[in-house]
Amino acid sequence: ASSIAQTSATLNGDISQDGSAELAERGFRYGTTDSYGQTVSDPVTSSITFEKQWGSSGSGINEFNVGLYVKTDSQGNVYVSDTSNNRVQKFDNDGNFLLQWGTVADGGQLIAPAGLAIDSQDNIFVAENSGNRIKKYTPQGAFISSWQVTGSGGPPILSGLAIDASDNVYSVQTNYTRVQKFNSNGFLLTQ
């Protein structure tokens, strides 16, 4: 996968193996800028030019404190898991702030959000790195549901998420070096 690396985090984007994807599909259209400085690496092309970038370091709107993952929905909206600020921020494809969620204790409160995935209905799934849960939200940020992810040797450390064409959710757990497959309601299918 391609990445925009910072000293404290990596913004991950998807890339096609054959190199035919447009920049937006490869995850390089969007990025944050802050005092850490950034490097861009891409196995397909040797140089990347940002079409647009936004954000800075901090805890306000359009600011990030360890912006870990970036995903886009079918409408071109951009979602960033703002891990140390315990929230997800949503932007339009021009970088205009639309909304944020995760900081209100309504069942949808986030603890160190990491991986993001978006299903066929544009619902957003968020893996909590510290909360050991996967949470599901509407495109408007309304909390839908969550499920606990467990392991036999202590709580798993959740990182990446992916969703297939049937809206099954795949969760990567770094401390168990495994992938688990759930349906979109959190029922464990395989591990």
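Q: How many aromatic pairs does a search of the whole structure find?
A: A quick note first: this is a predicted model, where local features need pLDDT of at least 70, side-chain atom pairs count only at pLDDT 80 or more, and totals for chains, interfaces and linings use all residues. Residues are numbered from 1 along each chain as its sequence is written, and side-chain values use heavy atoms, with hydrogens and water left out. Rings of Phe, Tyr and Trp (its six-membered ring) pair if their centres lie within 6.5 Å; planes under 30 degrees apart count as stacked, over 60 as edge-to-face and the rest as tilted. On that basis, the number of aromatic pairs found in the whole structure is eight.

Q: What kind of pair do the rings of Tyr137 and Phe143 form?
A: Their centres are 5.9 Å apart. The planes stand at 65°, so the pair is edge-to-face.

Q: Is Tyr137 buried or exposed?
A: Buried means under 20% relative accessible area, exposed over 50%, and partly exposed in between (1.4 Å probe, protein chains only). Phe143, at 28%, is partly exposed. Tyr137 has a relative accessibility of 1%, so Tyr137 counts as buried.

Q: Which strands stand at the edges of the open sheet with the order 10-11-12-13?
A: Strands are DSSP runs (E, at least two residues), numbered from the N terminus, and two of them pair if DSSP finds at least two bridges between them. Four strands make up this sheet, with antiparallel pairing. Each edge strand has a single partner, so one side is left without a neighbour in the sheet; these are strand 10 (113-118) and strand 13 (143-148).

Q: Which residue in strand 13 stands opposite Lys135?
A: Strand 12 (residues 133-137) and strand 13 run antiparallel, joined by five bridges. Opposite Lys135, in strand 13, stands Ser146.
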